Amino acid sequence: MKLTIVEYPDKRLKERSKRVEKFDAKLHELLDAMYPIMMESNGIGLAAIQVAVAKEVLILNIPDEEGEQTKENLLEMVNPVITYKNGEITYQEGCLSVPGFYEDIQRFENISVNYQDRDGNTKTLEADGLLSIAIQHEMDHLHGILFIDKLSYSRRKKFEKEYKRALKEKKRS
Ligand code: QAP
Ligand code: CO
C-alpha cells in the first residue's frame, strides 16, 4: 500500500471519516502502512484521512521519558469516542499536514476515550498531558478539523499569509 501525506489546503482534510465496520486484512494493511510514513515524516500522530483514507483510524507514538519513540508504545485506535473530558492544557501543536507551522492550542487536560483495536476489541484509555493532546488532535482530523481551524481570526489570517508564502518558496526550489 503506497501512501503519501495530504497537505493543507487539500480539501480532503475537511472530509468526515467513516466508522470502520470490518476489522479485516485491508484495515491491517492500512495501519501497517501508516506507521512507516509517520516515522519517516518525524511524526508522533497520524490520522487515516492524512493519507487520503476517510476511515476512523489513527495511530500515535508518543516519545517516552528519554525522548525515544519505540514501537512498543505504538497506539492504534479505530472508531475512537471521547467519553470524559476535563481541565485545560495549552501546547504548541504542529501537524504533518501543515508542515512547518506551530501554534498554541488549548485542549482538555484529561480525557477518557473508548476505541477499538485492529481486531475490533473494545478498549478504554485514560490520558493526560501530551497523549491526551495528541488523541484530541488526531480525533479532530476524523471530523475534518485541523488545529489551525481553532485559531482566532487574526492568528488564522496571519497563518494563511505565512503559509501561502512558504508554499510559493517550496514550489520555486
Ligand atoms: C499531532 O503532529 C500532535 O510541521 C501530531 O515539519 C501535535 O506529528 C500531537 C511534524 C501536537 C501532539 C501535540 C510537523 C513533523 C509532526 C511539522 C505531528 C513538521 C514535521 C507533527
Ligand atoms: Co494533524
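This note concerns the surroundings of ligand 1 and of the cobalt ion (ligand 2) in a predicted model.

1. Location of ligand 1. The largest pocket holds ligand 1. Two elements each supply two or more residues to the shell around this ligand, namely strand S4 (89-93) and helix H2 (129-142). Helix H2 makes the largest contribution to that shell, with five residues.

2. Composition of the shell. There are 19 residues around ligand 1, and those that come nearest are Gly43, Ile44, Gly100, Tyr102 and Glu138. Sorted by class, the shell comprises 10 nonpolar, seven polar and two charged residues.

3. Polar contacts and cover. Oxygen atoms of ligand 1 take part in contacts with both backbone and side-chain atoms. A backbone N or O atom of Ile44 is 2.8 Å from an oxygen atom of the ligand, and a polar backbone atom of Gly100 likewise lies 2.8 Å from a ligand oxygen. In the case of Tyr102, an N or O atom of the side chain is 3.0 Å from an oxygen atom of ligand 1. On its own, ligand 1 has 500 Å² of accessible area, of which the protein covers 85%.

4. The cobalt site. Three protein atoms serve as donors of the cobalt ion (ligand 2): SG of Cys95, NE2 of His137 and NE2 of His141, at 2.0 to 2.2 Å from the ion. Along the chain, these donors have the spacing C-x41-H-x3-H.

5. Placement of the donors. Cys95 belongs to the loop between S4 and strand S5 (103-107), whereas His141 belongs to helix H2; the pair therefore ties together parts that lie 46 residues apart in sequence.

Note on methods:
Residues numbered from 1 in each chain as written. Chains lettered and ligands numbered in written order. Predicted model: local features only at pLDDT ≥ 70, side-chain atom pairs only at ≥ 80, totals over all residues. Heavy atoms only, no water. Near = heavy atom within 4 Å. Polar contact = N/O pair within 3.5 Å; in protein donor to acceptor, adjacent residues only side chain to side chain. Areas by Shrake-Rupley, 256 points an atom, 1.4 Å probe, with all protein chains shown as cover. 1 Å grid on protein atoms, 1.4 Å probe; cavity = no way out; pocket = protein on both sides within 12 Å on 5 of 7 lines; lining within 4 Å. Sits in = over half its atoms within 2 Å of the grid points. Helix = DSSP H or I, 4+ residues; strand = E, 2+ residues; numbered from the N terminus. Nonpolar A, V, L, I, M, F, W, Y, C, P; charged D, E, K, R; others polar. Donors = N, O, S within 2.8 Å, 3.2 Å for Na, K, Ca; no water.
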